[in-house]
Amino acid sequence: MFIKVENLKKSYRTGDVKTDVLKGVKMSLGKGEIGVILGPSGSGKSTLLNIIGGIDRCDSGKVTVDDIEVTNLTDDQLTDYRRENIGFIFQFYNLIPNLTVGENIEVVSNISRSPLDTDEVLKAVGMLDKKYRFPRELSGGEQQRVSIARAVVKNPKLLLCDEPTGALDFSTSREILKLLQQINRDFGTTILMITHNTAISAMANRVYRMRSGEIVEEIINERIIHAE
Ligand code: ADP
Ligand code: ADP
């Protein structure tokens, strides 16, 4: 399995109160697949995604991504792991406001080991004609396209998306989900996504439903074959 999560536990302590955010989570995802995490707010979805992506730490358990034991890495190794392997997409686009679209992409490609061509990636997300625009001149959907381009330009093995359509209207959301599927197909990128959007759940290879820090349902959709 490309992603393998075993008995993952994490809790937070605030004062005397201990909150178990992940209570022994087990999940997996194959290479080139699309996985979806569903569940109510506060159920631990972002925490799980962030530990897989190396921007958060667990208390115990094991996460491997493409044979890298993420839970064993030092802080420096985690930085390299993120830089080389992971693209992040969030609900809010986090583009740098005083840089153009093209420059926002190049900030990332300049520090990547084997980046894709900026124009190629902008073309793939349908934003090449907006290369010299600034983020404030773009609609929400367009800004999310640019943030997808920024995540994809480093040619990551894994794309982690935390509610990528959470701030978008219905039809724009559909376009963004289609774009993510296209990236999965064209670049062979494995995608793990937190979403409330049932349209993508229907297209996912695996769907995990979380509740109070536990996986309460796993749906494996054998019929769906994405990129290898
Ligand atoms: P979800 O993504 O499903 O909404 P999260 O993973 O963001 O859930 O959060 C799960 C729980 O962990 C929530 O109860 C949240 O309040 C708590 N939590 C998350 N981050 C922290 C933190 N840094 N300190 C304390 N509690 C946190
Ligand atoms: P949406 O319907 O997706 O919300 P908008 O109505 O916000 O889109 O934008 C429609 C078009 O106008 C987009 O192509 C966007 O690039 C352009 N646009 C929006 N705001 C500005 C602006 N302040 N300056 C230049 N172009 C803009």
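Which backbone N or O atom lies 2.7 Å from an oxygen atom of ligand 1? In this predicted model, it belongs to Gly42.

Let's stay with ligand 1 for a moment. Its surroundings are Tyr12 and Val21, then Pro40, Ser41, Gly42, Ser43, Gly44, Lys45, Ser46 and Thr47. Sorted by type, that shell holds six polar residues, three nonpolar ones and one charged one. Helix α1, which covers residues 45-52, gives the most to the shell, with three residues. Besides Gly42, oxygen atoms of ligand 1 have partners in the backbone of Ser43 and in the side chain of Lys45. With these contacts in mind, here is the area: on its own, ligand 1 exposes 570 Å², and the protein buries 58% of that.

Now for ligand 2. Around this one sit Lys130, Arg133, Arg136, Glu137, Ser139 and Glu142. Its shell has five charged residues, one polar residue and no nonpolar ones. The side chain of Lys130 offers a polar atom to an oxygen of ligand 2, while Glu137 does so with a polar backbone atom. Ser139 uses an N or O atom in its side chain. Taken alone, ligand 2 exposes 560 Å², of which the protein buries 37%.

Here are the contacts to ligand oxygen atoms side by side:

| Ligand | Residue | Part of residue | Distance |
|---|---|---|---|
| ligand 1 | Gly42 | backbone | 2.7 Å |
| ligand 1 | Ser43 | backbone | 3.1 Å |
| ligand 1 | Lys45 | side chain | 2.9 Å |
| ligand 2 | Lys130 | side chain | 3.2 Å |
| ligand 2 | Glu137 | backbone | 3.1 Å |
| ligand 2 | Ser139 | side chain | 3.3 Å |

How values were computed: Residues are numbered from 1 along each chain as its sequence is written. Chains are lettered from A and ligands numbered from 1 in the order in which they are written. This is a predicted model: local features need pLDDT of at least 70, side-chain atom pairs count only at pLDDT 80 or more; totals for chains, interfaces and linings use all residues. Side-chain values use heavy atoms; hydrogens and water are left out. A residue is near a molecule or strand if one of its heavy atoms lies within 4 Å of it. A polar contact is a pair of N or O atoms within 3.5 Å; within protein, one must be able to donate a hydrogen and the other to accept it, and residues adjacent in sequence count only if both atoms are side-chain atoms. Accessible areas come from the Shrake-Rupley method with a 1.4 Å probe; for residues, only the protein chains shown count as cover. Ala, Val, Leu, Ile, Met, Phe, Trp, Tyr, Cys and Pro count as nonpolar, Asp, Glu, Lys and Arg as charged, and the others, Gly among them, as polar. Helices (H or I, at least four residues) and strands (E, at least two) are DSSP runs, numbered from the N terminus.
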